[in-house]
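Here is a short briefing for a first look at this structure. It covers a strand and its partners, then a pair of helices.

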Amino acid sequence: MLALKKVSKQFGPKLLFQDADLQVSLNDRIGLIGPNGAGKTTIFSLILGEQTPDSGQIEKNKNMVIGCLRQEVLEDTSRPLLQEAIDICPHLKRLRERIDLLQEEIAQEKDPRKIQDYVQKIGEYQAEFEARGGYDLEYQAKRILFGLGFRDEDLRRPISEFSGGWRMRVCLAKLLLQEPDLLLLDEPTNHLDLESIIWLEEFLKGYQGAIILISHDRKFLNNVVTRIVEIDQKTLQHYTGNYDDFLAQKQARQEILESSYRNQQKKIEATERFIERFRYKATKARQVQSRIKTLEKMEKIELGQTASRFSITIPTPAASGKEVLRLKNVHKQYGNRTVYHGLNLTVQRGDRIALVGPNGSGKSTLLKIMAGVLEVEGGEVVVGYNVTRAYFAQHQLEILNPNNTVLEEIAPCFGPDSPLSARSFLGAFLFRGDDVFKKVAVLSGGEKSRLVLAKLIAQKPNFLLLDEPTNHLDIPSLDCLQEALSQYSGTLCMISHDRLFINRLANKIIHIQDGRIEVFLGNYDDYLYQMEQRKEKIDFSSPQRLDFRSELDTSSSKEGRAKSREQKRLEAEKRNQKFRLLNPLRKESERVQVELSLIMDKMDMMKRLFADPTFYQQPEFSKKLYEYKELEAKNEELTTRWAELEEQIETIEQEFEER
């Protein structure tokens, strides 16, 4: 489908990557990772043809359709949500508009003959609309919209009424509905709640097309991708498996590289000692020259530079009282909408709370009430003895003074006489050297997040309240923040859609829905287990179960469709459904068999190489052994996958025979 061959790209003096290779085949699930600014989004731009490589080639199947989710908000429009979502096929859109127009004409027309003509024309348009999959499109649109958190009453609301985050969901829904051959997703989980993220995971697992995904959500990567491509040291490094597999393989590669490097350095040192010792001995001249040539021809192993990470040590704050915060009969509303009524909650010292629940349930509102940045209409918010609060939210990135330098922005936290302390502290957040003199206005989103976190932590609060602190952070930075918070001795309350982040930090989960809260002890996995045990587990796979197919069929019957025609439609739909289910499985089975054949050929060739005793004297033997182990693992993985596919094909065929 797609191949990047020896591609290089540079912006000014900054080289992003050089001689990069990437092959994308049908049904690939690729996670594209790397530090912020490494060039992930640039690769998307190159694939889309928006930018051209400085060198190398990009080959694409001319019939391939590419769809891309960008971090751009949908424009303001009065078009209803459902209409906007299905507005991906111009011809279907025109048919729907003609049907609606004729129905309006019928309502106003008095002449029976004209009405009959209009009805006949509507029937023709509806038949074409159905044949082109129009009714199925509406059904699929509703399924996707509800999976992403929209409700039935939202379908008729104009786009202009939705916030930026919800409009991003509309963009994602439209993209998924188009079903492009190659799906490019840039941080798709940033504006989703946990329920919608889990739904999206399941959707993408069954997606019939290739996916390249940029995400800092490690759990999401683990559940969706089967390959990892890392931008590292200005090259593309390829790994088989999900994110956890990538970590294990990268560690193994690094250990082999370091071992090979040490062995080579020993060999170089020994060779150089021989040369120095016998350089001036005539009887050893040939041997000296031979060793000099060996050193000149030797391909030097380089360890490369370790990527910079920020390493936070959160200062130990002053101890607070045992009871950090108490909400007594709190009432909060926005206009006529009541968010909380009679809310009671106690936060104890040492609590590490994660607030979970669907978007719009009141998580951010509750966090703001606890942080003291939002007034309540009734009840009492009691702050405990010696409690110092610090609140982080995404909007705080925008209230940084753009004219300040990084050092000027944080200086008030240290006082005028402690510039060295401030610079040392900023160094832990990757603001090193001249970076501290950068203007806030030129900082990236990730840099602003790090600066706001630095300002908060410098205040030594004993009660941290964090609203989506992981947005804009790359994975290494996220890991460092997680590690620092795990050592934090104060009280913590957070909102995050990163399940791994919650799981490793929380000891208490508060589930919020319909203005009510419920407290669960333990981390996120414990919370899910308790919900399941009580048989009240939230159905994440389908946030709103409605049989839209039945709804559409009922609508069709009301329009006077003949029973025989309906029966034919159902039979055709059954055949189409069987084809849609089996065709991708058969194609993948064929692809897996071809890949298995190629891998087995490679393994046979390497076995013949291993049979030669001189092979183990060659410097690259360890690399070849490691490559063979990777092929063995891939062979086992593909064999298992092939068996699974054949079993799925057989099961589907049996199910359709029994219908």
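Two strands pair if DSSP finds at least two bridges between them. The model is predicted. With that in mind, start at strand E3, residues 29-33.

**Strand E3 and its partners**
- E3 runs parallel to strand E7 (residues 210-214), and 3 bridges join the two.
- Arg29 of E3 has Ile211 as its bridge partner in E7.
- Strand E8 (residues 227-232) also pairs with E3 in the parallel sense, over 4 bridges.
- Opposite Gly31 stands Ile228 of E8.

**How E3 is enclosed**
- Buried here means under 20% relative accessible area.
- 5 of the 5 residues of E3 are buried, so the strand is largely enclosed by the rest of the structure.
- Both faces are covered. Arg29, Gly31 and Ile33 lie on one side, with Ile30 and Leu32 on the other.

**Helices H6 and H7**
- Two packed helices are described by the angle between their axes and the distance between the axes.
- Helix H6 spans residues 164-178 and helix H7 spans residues 194-205.
- Their axes come within 13 Å and cross at roughly 15°.
- Angles under 35 degrees count as roughly parallel, and H6 and H7 are therefore roughly parallel to each other.
- The crossing of H6 and H7 is left-handed.

**The contact between H6 and H7**
- From H6, the contact involves Arg169, Leu172 and Leu176.
- In H7, they meet Ser196, Trp199, Leu200, Phe203 and Leu204.
- The residues of this contact divide into 6 nonpolar, 1 polar and 1 charged.

Technical notes: Residues are numbered from 1 along each chain as its sequence is written. This is a predicted model: local features need pLDDT of at least 70, side-chain atom pairs count only at pLDDT 80 or more; totals for chains, interfaces and linings use all residues. Side-chain values use heavy atoms; hydrogens and water are left out. Axes are lines fitted to C-alpha atoms, for helices over the stretch in contact, and angles run from 0 to 180 degrees between N-to-C directions. Angles under 35 degrees count as roughly parallel, over 145 as roughly antiparallel, 65 to 115 as roughly perpendicular and the rest as oblique. A crossing is left-handed if the near helix is turned anticlockwise from the far one by less than a right angle, and right-handed if clockwise. Contact means heavy atoms within 4.5 Å. Ala, Val, Leu, Ile, Met, Phe, Trp, Tyr, Cys and Pro count as nonpolar, Asp, Glu, Lys and Arg as charged, and the others, Gly among them, as polar. Buried means under 20% relative accessible area, exposed over 50%, partly exposed in between (1.4 Å probe, protein chains only).
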